[in-house]
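Student: I am new to this structure and would like to work through it one question at a time. Could you guide me through the sheets, the cores and the charged pairs?

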Amino acid sequence: MKITISQAPNYNEETVTIGAWLANKRSSGKIAFLQLRDGTGFMQGVVAKSDVSEEAFQLAKSMPQESSMYITGKIVEDARSPFGYEMQVSNIELIHEAIDYPITPKEHGTEFLMDHRHLWLRSKRQHAIMKIRNEIIRATYQFFNDGGYVKIDPPILTGSSAEGTTELFHTQYFDEEAYLSQSGQLYMEAAAMAFGKVFSFGPTFRAEKSKTRRHLIEFWMIEPEMAFIDHEESLEIQEQYVSFIAQSVLDNCKLELNVLERDTSKLEKIKAPFARISYDDAVVLLQEKGFTDIKWGEDFGAPHETAIAEAYDKPVFIINYPAEIKAFYMKPDPERSDVVLCADLIAPEGYGEIIGGSQRIDDLSLMEERYQQHDLTGPAYQWYLELRQYGSVPHSGFGLGLERTVAWLSGVDHIRETIPFPRLLNRLYP
């Protein structure tokens, strides 16, 4: 019977066949230990000379790394293995012999590994990170589908900027100017007026030449938008969502977290509610910590976010930023027009902002004022104005950056490890 490694616990003491690759091996005298992988997991195959033909035993000792095979044997429990099972091999059928595989068990630099990303994905560490990424995506769909949200797909090519900034990748759409999407938010607002609660999940692009471990040029965003939801209600949804995906990773990625040596006690603390600190208080906190460079009205950088997060052992909301440093569509605080009803959710352990969100302006005259202030003219923005003209309601939304969330929950240092492939943009500017 042909099975996968992940199915092996269901076939204890049975003889099965698995299609696998050789991740690594070692041998000693009359026994060889094969580290097998098949995409669903990793497992050891034990080849005893007395249990196989001479040809199979010599094959086990000589097969190069990443050679492919069909391997047959009995599945047995092994308490020493993180997986809990191993195979006592009885036969090996070589499919393809891999010669001179470039990623050997020795240490390699990050740039070398990123240049060989198409092969590096096969490693146990990268496999674990991608499985955690997949679990976050699966849990995201479950959370929003169970919550009655409708998934809507915004365009990747757009005629305007969601943030009103110039950090856009420009292209030509036949005879018209177009840009790679910076966010699907504006379209999600339109969809929320039709469906009530919606979310999108797709790639976004920022034309920033940032060479840090925390930034990417192309990344994936989960962007919910909700009609009849105010700012405080949105914060509650955000903390419920983040708590849900963290628990899903803890429940369903135990092996992967173990491979990454993640301190799961830190993840177990991620339960709603999360603390809130106002921008005003955050500035005071930073100044007390010795950050003399920060003044009220300036945005926070990575060192500032890290310093704020150090005061908490789970994510913290920084709320009510100055209107001047936030996007044009954010609703002013009714009690203070100089700040807006917004929040950035900062992950602990130095991973920075994972969510940005706000209540949106729903008043037509105020939005028209913002258009004038930000010089937003022409048909590219007219449709967005009409959302306030025909049945406007209070509404809020947020965006979660997938890769930074994967990095945080996985405990990895470099955000480029969280993307499946090194897109050209992310290779140019890591």
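Tutor: What follows is a set of questions and answers about this predicted model.

Student: In what order do the strands of the eight-stranded open sheet stand?

Tutor: The eight strands of this open sheet are joined by mixed pairing. β7 (150-151) and β13 stand at its edges with a single partner strand each, so one side of each is left without a neighbour in the sheet. Read from one edge to the other, the order is β7-β11-β12-β19-β18-β17-β14-β13.

Student: Which residue of β12 stands opposite Phe 201?

Tutor: Strand β11 covers residues 197-205 and strand β12 covers residues 218-227, and the two pair in the antiparallel sense over nine bridges. Within β12, the residue that stands opposite Phe 201 is Ile 222.

Student: What is the order of the three strands in the other open sheet?

Tutor: Here the pairing is antiparallel, and β9 pairs with strand β10 (residues 176-180) over four bridges. Since β8 (157-158) and β9 (170-173) are the edge strands, each has a single partner, so one side of each lacks a neighbour in the sheet. Gln 172 stands opposite Glu 177 in β10. The order of the strands is β8-β10-β9.

Student: Is Phe 174 buried or exposed?

Tutor: Phe 174 is found in the loop between β9 and β10, and together with Leu 157 and Tyr 173 it makes a nonpolar surface patch of about 370 Å². Residues with over 50% relative accessible area are called exposed. Because its relative accessibility is 72%, Phe 174 counts as exposed.

Student: How many residues does the largest nonpolar core have?

Tutor: The residues with the most contacts inside this core include Ile 136, Phe 144, Tyr 241 and Ile 270. Ile 270, leaving out residues up to four places away in sequence, touches Val 242, Ser 243, Ala 246, Pro 315, Trp 408 and Leu 409. A second, separate core has 30 residues, among them Ala 309, Val 316, Ile 346 and Tyr 384. The largest core, by contrast, has 44 residues.

Student: Why does Thr 405 count as buried?

Tutor: Thr 405 has its place in helix α13 (residues 402-410), and, apart from neighbours within four places in sequence, it is in contact with Ile 136, Ile 245, Ile 354 and Leu 400. The term buried is used under 20% relative accessible area. Thr 405 therefore counts as buried, with a relative accessibility of 0%.

Student: Where do Arg 138 and Glu 135 lie?

Tutor: The side chains of Arg 138 and Glu 135 meet in a salt bridge of 2.8 Å, N to O. Arg 138 counts as partly exposed because its relative accessibility is 37%, whereas Glu 135 counts as buried at 8%. The two are three residues apart, about one turn of the helix, and both lie in helix α4 (residues 124-146).

Student: How many residues apart are Arg 276 and Glu 232?

Tutor: The side chains of Arg 276 and Glu 232 meet in a salt bridge of 3.3 Å, N to O. This pair links distant parts of the chain, with Arg 276 in strand β13 (residues 275-278) and Glu 232 in helix α6 (residues 231-252). Arg 276 is partly exposed at 29% relative accessible area, and Glu 232 also counts as partly exposed, at 39%. Along the chain, the two are 44 residues apart.

Student: Are Asp 344 and Lys 326 buried or exposed?

Tutor: The side chains of Asp 344 and Lys 326 meet in a salt bridge of 3.3 Å, N to O. Asp 344 lies in strand β17 (residues 342-347), while Lys 326 lies in the loop between β14 (316-319) and β15 (332-333), so that the pair links distant parts of the chain. Both Asp 344 and Lys 326 are buried.

Student: What separation is found between the C-alpha atoms of Ile 95 and Ser 67?

Tutor: Ile 95 has its place in strand β6 (residues 85-96) and counts as partly exposed at 47% relative accessibility. Not counting residues up to four places away in sequence, Ile 95 touches Ser 68, Met 69 and Tyr 70. Ile 95 and Ser 67 are 28 residues apart along the chain, and their C-alpha atoms are separated by 7.6 Å.

Methods
Residues numbered from 1 in each chain as written. Predicted model: local features only at pLDDT ≥ 70, side-chain atom pairs only at ≥ 80, totals over all residues. Heavy atoms only, no water. Pairing = 2+ DSSP bridges. Patch = residues over 30% accessible without salt bridge, like charges linked within 9 Å, V, L, I, M, F, W, Y side chains within 5 Å. Areas by Shrake-Rupley, 256 points an atom, 1.4 Å probe, with all protein chains shown as cover. Salt bridge = Lys/Arg side-chain N within 4 Å of Asp/Glu carboxyl O. Buried < 20%, exposed > 50% of the residue type's maximum accessible area, 1.4 Å probe, protein only. Core = buried A, V, L, I, M, F, W, Y, C linked by side-chain atoms within 4.5 Å. Contact = heavy atoms within 4.5 Å.
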